[in-house]
Amino acid sequence: MPVAAVPPYRHLTEQPSANARKSVVSDDITFCQTCRNVPVTKFLSLGAQPACEFPKNHEEAESERTWPLDLGFCSQCSLVQLMEPVSERILFSGDYHHLAGLTKGFRDHLQVLADELAARRDPDPRSRRVIEIGSNDGSLLDALAERGFDVLGVDPCGSVSPNGSPVVTEYFGSEVAERLMSSRRPANMVVATNVFAHVTDLHDVLDGLCTILDADGMFVSESHYLPELLRSLQYDFAYHEHSRYYSLTALQHVLGMHGLEVFHVELVDTHGGSVRVYAGFRGAHEVRASVTALRREEDAQRLTDEATYRDFAARVEDHRVRFRHLLKELAADGSRIAGSSCPARAVTLLNYCSLGPADIDFVSEISPLKIGRLFPGVHLPVVSQEELCGPEQPDYAVLFSWHILDELSSRLREEGFRGKFVVPLPEPRVLTEL
């Protein structure tokens, strides 16, 4: 279903000058990335932030680019979004440092998802064609292939998975979809986990989705869940690679613009709280009670009310003060503080809170793609986790992947870390016991 010709939202292709940034905020109107003709209301500024790219050395760090990280919301569809999103062709043009299968918790999640999708599959072997948009390292593709699916991934940074599942190395959109369908039959199932937030032109992606999805097919997506973000103060989940933050309300709105209908919905624990949505062409599937129930809950949460977001912004500003104060208080007696893990969300947290080498010695990591590099923006050294757990370990470890607190803290204890853990969000605190 084509989208009406309406004013486009703005997205950055280059880093603007300081004067240009000022004029964009003061003079221009930003339109909703979904509705396209509804102005967005800005409610939070997190400052100039870099992308989640780890400089190899200080010389490379000197040329690091930053963009304004400001959040706004749409009073019509409830979509929370970046006021000035940066094109994914900039953000994902180099090395991509996130690997879906790196943590056990997320690997387990993908296995459970694969089981659920297999249970929903039509027993007819001809109904096993799956395309995954944003297949990353192929973890889900492989899990689906093991369960009898004919799989194909599409990912600009992807490659053939460890088990050999094929991947088209492209940015998915309407043109790529047309090319895929020139040699393939439509998919019975299309999957996109944590992808909707990353693409700049969501309408073009949905046009492509409608091209590759069979008439009675099923589209399954997972997105970070806006109400949970608001409830647990997850402002650290706002970063340039995430252009949007979704409620069911917002997802129903944008999918409906393309003739798609949500027929089932589930809340899942991944990424600190996500919403899994099952959709198909309008009328192709019976709409379940889960959709009505969750939508009723969202209506009660006033997700299109400006006061909801002003309150969130005030809590964010208060957190910054309290988190900085906690770290300075811990270091007052000479104690050493380090960080543990380098998720993208930590880029926002450290840069917004202005925490650098004077506050934190280093950040430890298990990913070989990050070890030996510098942390974006604040340029802390990224070292092997062995240094955090070694003989000269620090007194405190800040758990930047606090959304997987139990898994991360248990692993660090097993590897020999004897110090105390600092949990930055939602309430900055020192863990007294595990």
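## Strand pairing and the open sheet

Two strands are taken to pair if DSSP finds at least two bridges between them. The structure described here is a predicted model. Strand E2 (residues 66–73) and strand E3 (residues 80–82) satisfy this criterion, being joined in the antiparallel sense over three bridges. Leu 71 has Leu 82 in E3 as its bridge partner.

These strands belong to an open sheet of four strands, ordered E1-E2-E3-E9 and paired in antiparallel fashion. Strand E1 (41–50) and strand E9 (244–245) occupy the edges; each has a single partner strand, so one side of each lacks a neighbour in the sheet. Helix H11 packs on the sheet and touches E1, E2 and E3, with its direction at about 35° to that of E1.

## Nonpolar cores

The largest nonpolar core comprises 64 residues, of which Phe 43, Tyr 235, Phe 312, Leu 327 and Phe 375 touch the most other members. Helix H11 (residues 306–331) makes the greatest contribution to this core, supplying eight residues. A second core, separate from this one, contains 46 residues, including Cys 35, Cys 74, Leu 79 and Met 181. In soluble globular proteins, nonpolar side chains tend to be buried together.

Leaving aside residues up to four places away in sequence, Phe 43 touches Leu 71, Gly 72, Phe 73, Val 80, Tyr 309, Arg 310, Phe 312 and Ala 313. Leu 71 is thus both a contact of Phe 43 and the bridge partner of Leu 82.

## The environment of Tyr 239

Tyr 239 lies in the loop between helix H8 (226–231) and E9. Its relative accessibility is 10%; because the threshold for burial is under 20%, Tyr 239 counts as buried. Residues up to four places away in sequence excluded, Tyr 239 touches Leu 69, Leu 82, Tyr 245, Ala 344, Arg 345 and Thr 348.

Tyr 239 and Ala 51 are 188 residues apart along the chain, yet their C-alpha atoms are separated by 7.5 Å.

## Helix H6: buried and exposed sides

Helix H6 (residues 174–181) has Val 176, Ala 177, Leu 180 and Met 181 as buried residues. Viewed down the helix axis, the buried residues of H6 fall within an arc of 130°, and therefore line one face of the helix. An α-helix has 3.6 residues a turn, so residues three or four places apart point the same way. Glu 175 and Glu 178, on the other side of H6, are exposed.

The packing partners of the buried H6 residues are strand E4 (129–133), strand E5 (150–154), strand E6 (167–168) and helix H7 (202–212). Met 181, buried in H6, is also one of the members of the second core.

Technical notes:
Residues are numbered from 1 along each chain as its sequence is written. This is a predicted model: local features need pLDDT of at least 70, side-chain atom pairs count only at pLDDT 80 or more; totals for chains, interfaces and linings use all residues. Side-chain values use heavy atoms; hydrogens and water are left out. A nonpolar core is a set of buried Ala, Val, Leu, Ile, Met, Phe, Trp, Tyr and Cys residues joined through side-chain atoms within 4.5 Å. Buried means under 20% relative accessible area, exposed over 50%, partly exposed in between (1.4 Å probe, protein chains only). Helices (H or I, at least four residues) and strands (E, at least two) are DSSP runs, numbered from the N terminus. Contact means heavy atoms within 4.5 Å. Axes are lines fitted to C-alpha atoms, for helices over the stretch in contact, and angles run from 0 to 180 degrees between N-to-C directions. The arc is that of the directions from the helix axis to the C-beta atoms.
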